[in-house]
Amino acid sequence: MPFLYQVLLNPGICPDKILIFVHLISLTIGKMKSWKEKYGSWGLVAGAAEGLGKAFSEALANRGMHMILIDNQEEKLYATADTIENKYGIRTKKLLLDLSVIGSLQAIFESIEDLDCRLIVYNAAYGPVKPFIKHSVSELDYYIDLNSRMPLHLTFHFIKNLPEGSSAGIILLSSLAGLYGTNLVAPYGATKAFNFNLAEALYHEYRSKGIDILACCAGATDTPNYRNTFPKYGIIKPSVTSPRIVAESTLKKLGKKGLHIPGIGNRIIFSLLSHIFTRKSVSYLMNKTMQRMYGYRFEPEND
Ligand SMILES: NC(=O)c1ccc[n+]([C@@H]2O[C@H](COP(=O)([O-])OP(=O)(O)OC[C@H]3O[C@@H](n4cnc5c(N)ncnc54)[C@H](OP(=O)(O)O)[C@@H]3O)[C@@H](O)[C@H]2O)c1
């Protein structure tokens, strides 16, 4: 020990100092689990064929994970699987399923029972932009089934089936529209609030047990589904983030917190607004922006 002090206190860089430094770094790295040690060699993305789901699948494949990809769009699901298999040299399992049907859970768990799959991303959602009263009754149930019931049950059974003492990760896609009730996406926003509340609560319940749970509260993201909403921008334009940035920044935050807002622009705006203004004013601003972006569609002559 006196030798150690002597070397460290000696000014300047000497070979002994470098050796000690390298040794300390390797000790630290040795204690840190690699991504695959922490989350298994297989990852699962529900709603993986395009957009954010595809970006999460790519980001996980890039970390060397084999992927279980679930979607209801057959052609795009197979195309995404081919792309990531070729690009990252990993294996995929493709499940063509309707995630709004709770019976699909059985196929999901059968597909992972023999695999070391300890990471799931629940991405699929239903979220059209329209006035509340323009929905059909069956659509109201569809929101609950796809956006809330399935992630709730999937999370529950996934945690329950984990081998004793194993570490794992769960990401539930939420939205800024889940943080503040937003007109024209009311039922969608309500289901997204359900997801962020669930993930945030479970983050605290499971953090000491090695199970990382995170809600990704994305803002406008450049996916085919977002583009198909045909937003009309005025002076205020929400920052539109690329799916790759949303996926990468979310994976980096897994295990560090329970709620993540991807995109520096979104984080700055939300942090500024929520620190400077009251909740009522922020909610007013969000709702006004939404009206400006989509209200034109529902003016009387368009009905
Ligand atoms: N894009 C944004 O601006 C944005 C903003 C905030 C939060 N988010 C959240 O991010 C997630 C993804 O967003 P996104 O809408 O842009 O979608 P996306 O990632 O582009 O695609 C989602 C995938 O899930 C599939 N899917 C939908 N319903 C399904 C079902 N019943 N069974 C199986 N697969 C199904 C979709 O197919 P179909 O095309 O057939 O539906 C699509 O391939 C959602 O949870 C959303 O709430 C998105």
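**Note on the predicted model: ligand shell, confidence and helix packing**

1. The ligand is surrounded by 28 residues, of which Gly47, Gly51, Ala125, Thr223 and Asn225 come nearest; a residue is near a molecule if its C-beta atom, placed from the backbone, lies within 6 Å of it. Residues are numbered from 1 along each chain as its sequence is written. This is a predicted model, in which local features need pLDDT of at least 70 and side-chain atom pairs count only at pLDDT 80 or more, while totals for chains, interfaces and linings use all residues.

2. At least two residues of this shell come from each of helix 4 (51–62), strand 5 (168–175) and helix 9 (224–227). Helices (H or I, at least four residues) and strands (E, at least two) are DSSP runs, numbered from the N terminus. By class, the shell holds 12 nonpolar, 12 polar and four charged residues. Here Ala, Val, Leu, Ile, Met, Phe, Trp, Tyr, Cys and Pro count as nonpolar, Asp, Glu, Lys and Arg as charged, and the others, Gly among them, as polar.

3. The protein has a mean pLDDT (the predictor's confidence in each residue, from 0 to 100) of 91, and 88% of its residues reach 70 or more. Confidence is highest in strand 1 (residues 42–46), at a mean of 99, and lowest in helix 2 (residues 15–31), at 52. The pLDDT is below 50 over residues 26–31, a stretch with zero contacts in the model beyond near neighbours in sequence; two residues are in contact if their C-beta atoms, placed from the backbone, lie within 7 Å.

4. Helix 4 packs against helix 5 (residues 74–88) at an angle of about 25°, the axes being 10 Å apart. Axes are lines fitted to C-alpha atoms, for helices over the stretch in contact, and angles run from 0 to 180 degrees between N-to-C directions. Helix 4 is therefore roughly parallel to helix 5, a term for angles under 35 degrees (over 145 is roughly antiparallel, 65 to 115 roughly perpendicular and the rest oblique). Lys54, Ser57, Glu58, Ala61 and Asn62 of helix 4 make the contact with Thr80, Ile84 and Tyr88 of helix 5. These residues divide into three nonpolar, three polar and two charged.

5. The axes of helix 7 (residues 137–161) and helix 6 (residues 104–112) cross at roughly 35° and come within 11 Å. Leu105, Ile108 and Phe109 of helix 6 meet His153, Leu154, His157 and Asn161 of helix 7. This contact has four nonpolar, three polar and no charged residues.

6. Helix 7 also crosses helix 8 (residues 186–206), at roughly 10° and with axes that come within 10 Å. The two helices, 7 and 8, are therefore roughly parallel to each other. Their contact comprises nine nonpolar, four polar and no charged residues.
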